[in-house]
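Here's a quick tour of a protein chain for anyone just getting started with structures. Take a look at the picture first, then use the notes below to find your way around.

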Amino acid sequence: MASDFTVFLGEMMRKPMEVSAIAPSSAAVARKMTEGVEHVEGPIVEIGPGTGSFTRAILERGVAPERLILMELNPRFCEELTRKFPGVTVLNRPAQEIEKIGVTNLGCVISGVPVLARPQIQREVVGHAFNVMAPDGVFVQITYSPNAPIPEDVQASMGITAVKRGTVWANLPPARVFEFRRKVQ
């Protein structure tokens, strides 16, 4: 059985455009990313789960596997996720297709997709996610920047705001976690 790091490294070398991190996220980042997810109502979607660091943390917080949907572009990661997390729905689809998977009223989206590194997908990923989220839903995003990965003007145009959950130094590289919510009218 290959370790998460071995699978991650192999896919990073084979498909560098699909794997944008330099290592799987640490357990410390996974805990920060999944804070409060056990209190969320409705389906939970994780986009860009990679080898499943956040997935494991979500399930450890008591979320029932049948409430969790993973959207992963890399087929090898999908195989590993399906094997490791029975009962979780694993879809080999890009995050931009979140509106097309037939689920609405999402309580939470946990994102490992690099929206900072790819500004062209900020609206496609985050915007499409908010189109199918519950009014009080939350979008949680990892980034390696000290600032929110979506600029304030883009947030304003999308009707969302960012709050920094914290910085996790026990990660390679150190990571920041932000949550996005709809602006209160």
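Let's start inside strand 7 (residues 175-182), which is where Val177 is found. Val177 is buried, with a relative accessible area of 0%. Keep in mind that you're looking at a predicted model. The protein chain has six helices and seven strands, and the notes below work outwards from Val177 to the rest.

**Around Val177**

- Not counting residues up to four places away in sequence, Val177 touches Lys32, Met33, Val140, Gln141, Val163, Lys164, Arg165 and Gly166.
- Val177 and Pro146 sit 31 residues apart in sequence, and their C-alpha atoms are 9.4 Å apart in space.

**The sheet**

- Seven strands make an open sheet, and if you walk across it the order is 3-2-1-4-5-7-6. The pairing is mixed.
- Strand 3 (89-91) and strand 6 (160-168) are the edge strands, each pairing on one side only.
- From one strand to the next, the twist averages 20 degrees.
- Strand 7, the home of Val177, pairs with strand 6 in the antiparallel sense over eight bridges. As an example, Ile160 has Arg182 in strand 7 as its bridge partner.
- How many residues does the hairpin use to join strand 6 to strand 7? The hairpin goes through six residues.
- For the parallel sense, look at strand 1 (residues 44-47) and strand 2 (residues 68-71), which pair over four bridges. Here Glu46 has Leu70 in strand 2 as its bridge partner.

**Helices on the sheet**

- Helix 5 (residues 122-131) packs on the sheet and touches strand 1, strand 4, strand 5, strand 6 and strand 7. The direction of helix 5 makes about 155 degrees with that of strand 5.
- Helix 3 (residues 53-60) lies across strand 1, strand 2, strand 4 (106-111) and strand 5. Helix 3 runs at about 175 degrees to strand 2.
- Which residues of helix 3 are buried? They are Ser53, Phe54, Thr55, Ala57 and Ile58.
- Those buried residues of helix 3 pack against helix 2 (27-33), strand 1, strand 2, helix 4, strand 4 and strand 5.
- Right after helix 3 comes Gly62, with a positive phi near 100 degrees.

**A look at helix 4**

- Helix 4 (residues 75-84) has Phe77, Cys78, Glu80 and Leu81 as its buried residues. These cover an arc of only 165 degrees around the axis, so they end up on the same side of helix 4.
- The N-terminal end of helix 4 is capped by Asn74, with a side-chain oxygen 2.9 Å from the backbone nitrogen of Arg76.

**Thr143 and Leu116**

- Thr143 lies in strand 5 (residues 133-143). Is Thr143 buried or exposed? Thr143 is buried, because its relative accessible area is 3% and the cut-off for buried is under 20%.
- A polar atom in the side chain of Thr143 lies 3.3 Å from the backbone nitrogen of Ser145.
- Setting aside neighbours within four places in sequence, Thr143 is in contact with Leu116, Pro149, Ala175, Arg176 and Phe178.
- Leu116 belongs to the loop between strand 4 and helix 5. Leu116 is partly exposed, with a relative accessible area of 39%.
- Leu116 and Thr143 are 27 residues apart in sequence, yet their C-alpha atoms are 7.1 Å apart in space.
- Again leaving out neighbours within four places in sequence, the contacts of Leu116 are Gln122, Thr143, Ser145 and Pro149.

**The whole chain**

- Reading from the N terminus, the elements run α-α-β-α-β-α-β-β-α-β-α-β-β.
- The protein chain has 185 residues, and 48% of them count as buried.
- Among contacts with a separation of 6 or more, 66% come from residues 24 or more positions apart.

**How far to trust it**

- The mean pLDDT of the protein chain is 88, and 86% of its residues reach 70 or more.
- Residues 7-13 have a pLDDT below 50, and this stretch has 20 contacts in the model beyond near neighbours in sequence.
- Where pLDDT is low, the predicted coordinates shouldn't be read in detail.

Key:
Residues numbered from 1 in each chain as written. Predicted model: local features only at pLDDT ≥ 70, side-chain atom pairs only at ≥ 80, totals over all residues. Heavy atoms only, no water. Buried < 20%, exposed > 50% of the residue type's maximum accessible area, 1.4 Å probe, protein only. Helix = DSSP H or I, 4+ residues; strand = E, 2+ residues; numbered from the N terminus. Arc of directions from axis to C-beta. Polar contact = N/O pair within 3.5 Å; in protein donor to acceptor, adjacent residues only side chain to side chain. Contact = heavy atoms within 4.5 Å. pLDDT = per-residue confidence, 0-100. Pairing = 2+ DSSP bridges. Axes fitted to C-alpha atoms, helices over the stretch in contact; angles between N-to-C directions.
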